[in-house]
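Let's take a walk through a protein model and look at how its side chains pair up. Keep the 3D view open while you read.

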Amino acid sequence: MSALTPRRRPAPDGMPASPGAVRLAYLRERAAGARRAALLVLGISTTLLVTVQLLAERTETGQAAAPYAVAALVVFAAALPAMTASQVLWGLREQEARVGEREVFATRSRPHIRRLLARLSVAVCWAVLVLLGLTVPRLFTDAGLYGAADRLADVAETLAMTCYMSGMAFLLWWGRDVIMAAARRRPPSDPWDDVPGASRPLPRRLPGAAALLPLLALIGARAHLWTPDTLTVLALAAVALAACVVAVRGTPSRAPRSHG
């Protein structure tokens, strides 16, 4: 069965699912697919950028470091639009699902705590990626490409200011959702959802942890919290990239519950 095919299982009382519930399941599946794609792009982008920068640090300055500096710039330049596009699509799909919930339940659902924490986590990942990108001009300086380094430094200043303003806007938007989560009532239960309170089994969480741990190790190395050798850096990057793909592709098709 396709990941986007809504399940047409009967409700617990034996009654068939209503057309509105079937459409809502489909919208939720699309939102879940967009979420997985956005997280995959985020994980791959961060892993590649931090790995290239770590390899650049372990290379002698001068012409030998130039390819790594260029590679870091290319990865960062490609990551920004890719992450933006994937997360905008994620947001649109989530909004469609929220509209579908209002049509079925005739009420506005309050943001779930897991959704609020997920948004904050994604914002932190954006901050890490941007901070890594702001160090790219220094890589060009170490490579002896001073003209390019000066031009990139000017771009970095503009990017930093834009990100500061975006961060403030995000905090205001996120704070509004926190207030809404506390003020709004929980919508009625959905009989076509899975059993409330069910959590993902531990084996299904392992790929996500396997992707996060090596990525955190790479970021820690980039922050000079420890100094792994080149082979260890490459091994951690390979594990993180593979785990990102497994975590996303291995996620079962499951519509989020209505109280999300």
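**Cysteines, charges and confidence**

Start with cysteine 125, which is partly exposed, because its relative accessible area is 29%. Now find cysteine 244: with a relative accessible area of 8%, cysteine 244 is buried. In general, a disulfide is a covalent bond between the sulfur atoms of two cysteines. So how many disulfides does the structure hold? The count is 0. Bear in mind that you're looking at a predicted model.

Charged side chains are another story. Side chains of opposite charge can pair when their charged atoms come close. In this structure there are 11 salt bridges, and we'll visit a few.

Take arginine 23, whose salt-bridge partner is glutamate 103; their closest N and O atoms are 3.3 Å apart. These two come from distant parts of the chain: arginine 23 sits in helix H1 (residues 19-57) and glutamate 103 in helix H2 (residues 66-105), with their positions 80 residues apart. Are they buried or exposed? Arginine 23 counts as partly exposed because its relative accessibility is 44%. Glutamate 103, at 55% relative accessible area, is exposed.

Next up is another pair that links distant parts of the chain: arginine 28 in helix H1 and glutamate 101 in helix H2, 73 residues apart. Their side chains meet in a salt bridge, at 3.0 Å from N to O. And where arginine 23 is partly exposed, arginine 28 and glutamate 101 are both buried.

Now stay within helix H2 and look for arginine 98 and glutamate 94. They form a salt bridge too, and here the closest N and O atoms are 2.7 Å apart. Why is there about one helical turn between them? It's because arginine 98 and glutamate 94 are 4 residues apart in helix H2. Arginine 98 is buried, as its relative accessible area is just 12%, and the cut-off for buried is under 20%. Here's the neat bit: Arg28, Glu94, Arg98 and Glu101 are joined into one network by salt bridges that share partners.

Finally, how confident was the predictor? The chain has a mean pLDDT of 80, and 78% of its residues reach 70 or more. Over residues 1-12, though, the pLDDT is below 50, and this stretch has 22 contacts in the model beyond near neighbours in sequence. Residues 253-260 also stay under 50 in pLDDT, and for them the model has 37 contacts beyond four places in sequence.

Note on methods. Residues numbered from 1 in each chain as written. Heavy atoms only, no water. Salt bridge = Lys/Arg side-chain N within 4 Å of Asp/Glu carboxyl O. Buried < 20%, exposed > 50% of the residue type's maximum accessible area, 1.4 Å probe, protein only. Disulfide = S-S within 2.5 Å. pLDDT = per-residue confidence, 0-100. Contact = heavy atoms within 4.5 Å.
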